[in-house]
Amino acid sequence: YGPEARVLKNINTKKIVYSNEFIQTIKKRKLDSSIINTLLKHGNVDFSQSETRAKPCGLYYIEGEIEANKIGLIVENCDSIATVKSLKWNSDKTTLP
């Protein structure tokens, strides 16, 4: 039970909300929310791309794979709420609006 598992468990015990930017991105990419939820539960936390001590809430980069494309989520982890801020689609190396 390492730090990665603790972060994912901590995020999933909170209310999860999605930023407008993120909602527009998943609509544009036509992604199902169940895929995102699976990533939040079983993804890999990349601590080198995370800002765990950011104020007021830590920012975590959670990565995984969807349909042979690597993706990453930026999640703001606050005391009572976790906000999925954005999605990075690695096949085209851009952070989508």
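In this predicted model, Ser50 is tucked away: the residue is buried, with a relative accessible area of 12%. Ser50 sits in the loop between β2 and β3. Leaving aside residues up to four places away in sequence, Ser50 touches Val45, Leu59, Tyr60 and Tyr61. There is a polar partner too, since a polar atom of the Ser50 side chain lies 2.8 Å from the backbone oxygen of Asp46.

The loop between β2 and β3 has other things going on. Pro56 lies there as well, and the peptide bond leading from Lys55 into Pro56 is cis, with omega near 5°. For context, most residues other than glycine have a negative phi, and most peptide bonds are trans. The other half of that rule also has an exception here: Lys30 is not a glycine, yet has a positive phi of about 55°. Lys30 is found in the loop between α2 and α3 and, at 74% relative accessibility, counts as exposed.

Next come the cysteines. The structure holds one disulfide, formed by Cys57 and Cys78, with the sulfur atoms 1.9 Å apart. Cys57 belongs to the loop between β2 and β3 and Cys78 to the loop between β4 and β5, so the bond ties together parts that are 21 residues apart in sequence. The torsion about the S-S bond is about 105°, which means the disulfide is right-handed. Both Cys57 and Cys78 are buried.

On to the helices. In α1 (residues 3–12), the buried residues are Val7, Leu8 and Ile11. These three sit on the same side of α1, because they cover an arc of only 95° around the axis. That fits the usual geometry: an α-helix has 3.6 residues a turn, so residues three or four places apart point the same way. The buried residues of α1 pack against β1 (15–18), α3 (33–42), β2 (44–45), β3 (58–66), β4 (69–77) and β5 (81–89).

Helix α3 tells a similar kind of story. Here Ile36, Leu39 and Leu40 are buried, and they share one side of α3 because their arc around the axis is only 100°. The partners of the buried α3 residues are α1, β1, α2, β3, β4 and β5.

What about the nonpolar interior? In soluble globular proteins, nonpolar side chains tend to be buried together. In this model, the largest nonpolar core has 20 residues, and the members touching the most others are Ile36, Ile62, Leu73, Val75 and Leu87. At least two residues of this core come from each of α1, α2 (20–29), α3, β3, β4 and β5. The biggest contributor is β5, with four residues.

Leu73 is a handy residue for looking around this region. Not counting residues up to four places away in sequence, Leu73 touches Phe22, Ile36, Leu39, Leu40, Tyr60, Tyr61, Ile62, Val84, Ser86 and Leu87. Among these neighbours are the buried α3 residues Ile36, Leu39 and Leu40. Tyr60 and Tyr61 turn up again as well, having already appeared among the contacts of Ser50.

Finally, the charged side chains. The count comes to one salt bridge, in which the side chains of Lys85 and Glu76 meet at 4.0 Å, N to O. With 32% relative accessibility, Lys85 counts as partly exposed, whereas Lys30 counts as exposed.

Methods
Residues are numbered from 1 along each chain as its sequence is written. This is a predicted model: local features need pLDDT of at least 70, side-chain atom pairs count only at pLDDT 80 or more; totals for chains, interfaces and linings use all residues. Side-chain values use heavy atoms; hydrogens and water are left out. Buried means under 20% relative accessible area, exposed over 50%, partly exposed in between (1.4 Å probe, protein chains only). The arc is that of the directions from the helix axis to the C-beta atoms. Contact means heavy atoms within 4.5 Å. A nonpolar core is a set of buried Ala, Val, Leu, Ile, Met, Phe, Trp, Tyr and Cys residues joined through side-chain atoms within 4.5 Å. A polar contact is a pair of N or O atoms within 3.5 Å; within protein, one must be able to donate a hydrogen and the other to accept it, and residues adjacent in sequence count only if both atoms are side-chain atoms. A disulfide is a pair of cysteine sulfur atoms within 2.5 Å.
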